[in-house]
Amino acid sequence: MSVALTQLVKTLDQWLEPGLIKDYCPNGLQVEGRAQVRRIVTGVTASQALLDAAVLAKADAVLVHHGYFWRGEDPCVRGMKRRRLQTLLEHDISLIAYHLPLDIHPQLGNNAQLARRLGLTIEGGLELNSRQPVGLWGRLEQPLSAEQLAERIEAELGRRPQWIEGNAKRIETLGWCTGAAQGYIEHAIARGLDAFISGEISEPTVYAAREGGVHYFGAGHHATERYGIQAVGQQLADEFDIEHCYIELDNPV
């Protein structure tokens, strides 16, 4: 079975509603390939390694969280950018990307999928007084020590998180936001939560955690953003009876 590329992108836009959020990049179809899609490859980032794997997999389209044409980047097509685009165009493969819309989707999104994997009950959006919160906050089914939560993250995501101790309390309430959202720890502090999970850590994050009394867990940008794209890819496969393959590539960040 196959689906028209236009129908596939229309469906994704209906699910993820990119027009409702301001983003740092174009969401949706970024590079147009063949008109029919029989096999779709998903991955976190449209790196050269992912594109090469998609070519070997005979993909008609690649669907990612991190695509191209970011705000403020050099627009010249040369070097790494030229090679990536050349691979897509030579093999007639479409590139489709959704950034913030994939983070915030209430069922398929990265934050919702991370909650499912870690056994977190979602209470609401993390940011106070925000009409369109990106992060989430919620509860563990039973309180855990910081060490126990670190062990759970490691077991589920396959990597040991970087833990900054914020207080001695057991953890019951926590906020989370996948990717490079370490600055959102301020929202966790404002809510009086016990802990905050994100993908990356910066130098000021250490002091925010210690002085704000919130445990911080840096669980990996790539590691925290693997699951939304897989959920979307599988839903497309179920919707249109097409083939879907998620390709995992090592990224230590």
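**Exercise 1. In this predicted model, find how many bridges join β7 to strand β8, and in which direction the two strands run.**

Step one is to look at β7 beside strand β8, which covers residues 136-144. Five bridges join the two strands, and they run antiparallel. Step two is to pick out a single pair: the bridge partner of Leu120 is Leu140, which lies in β8.

Step three is to place this pair of strands in the sheet around it. Six strands form an open sheet with mixed pairing, and their order is β7-β8-β10-β11-β12-β9. The edge strands are β7 (120-125) and β9 (162-164), each of which pairs on one side only. On average, and with direction ignored, neighbouring strands of this sheet are turned by 25° against each other.

**Exercise 2. Determine which strands helix α6 touches where it packs on the sheet.**

Helix α6, made of residues 146-157, touches β8 and β9, and it is also in contact with β10 (171-177), β11 (195-198) and β12 (215-218). As a second step, compare directions: that of helix α6 makes about 110° with that of β8.

**Exercise 3. Work out which salt bridges Arg160 makes with Glu147 and Glu154, and where Arg160 and Glu147 lie.**

Begin with the general idea that side chains of opposite charge can pair when their charged atoms come close. The side chain of Arg160 meets that of Glu147 in a salt bridge with an N to O distance of 2.7 Å. Because Arg160 lies in the loop between α6 and β9 while Glu147 belongs to helix α6, this pair ties together parts that are 13 residues apart in sequence. Arg160 also meets Glu154 in a salt bridge, at 3.2 Å from N to O.

Next, consider accessibility. Arg160 is partly exposed at 38% relative accessible area, Glu147 is partly exposed at 32%, and Glu154 is partly exposed at 34%. For another pair, take Lys81 and Glu73, whose side chains meet in a salt bridge at 3.0 Å, N to O; here Lys81 counts as buried at 17% relative accessibility, whereas Glu73 counts as partly exposed at 30%. The structure holds 13 salt bridges, and Arg38, Arg39 and Glu243 are linked in a network of salt bridges.

**Exercise 4. Explain why Cys25 forms no disulfide with Cys177.**

Recall that a disulfide is a covalent bond between the sulfur atoms of two cysteines. The cut-off needed here is that the two sulfur atoms lie within 2.5 Å. The closest cysteine sulfur to that of Cys25 is in Cys177, 15 Å away, which is too far for a bond. The count for the structure comes to zero disulfides.

Note on methods
Residues are numbered from 1 along each chain as its sequence is written. This is a predicted model: local features need pLDDT of at least 70, side-chain atom pairs count only at pLDDT 80 or more; totals for chains, interfaces and linings use all residues. Side-chain values use heavy atoms; hydrogens and water are left out. Two strands pair if DSSP finds at least two bridges between them. Helices (H or I, at least four residues) and strands (E, at least two) are DSSP runs, numbered from the N terminus. Axes are lines fitted to C-alpha atoms, for helices over the stretch in contact, and angles run from 0 to 180 degrees between N-to-C directions. Contact means heavy atoms within 4.5 Å. A salt bridge is a side-chain nitrogen of Lys or Arg within 4 Å of a carboxyl oxygen of Asp or Glu. Buried means under 20% relative accessible area, exposed over 50%, partly exposed in between (1.4 Å probe, protein chains only).
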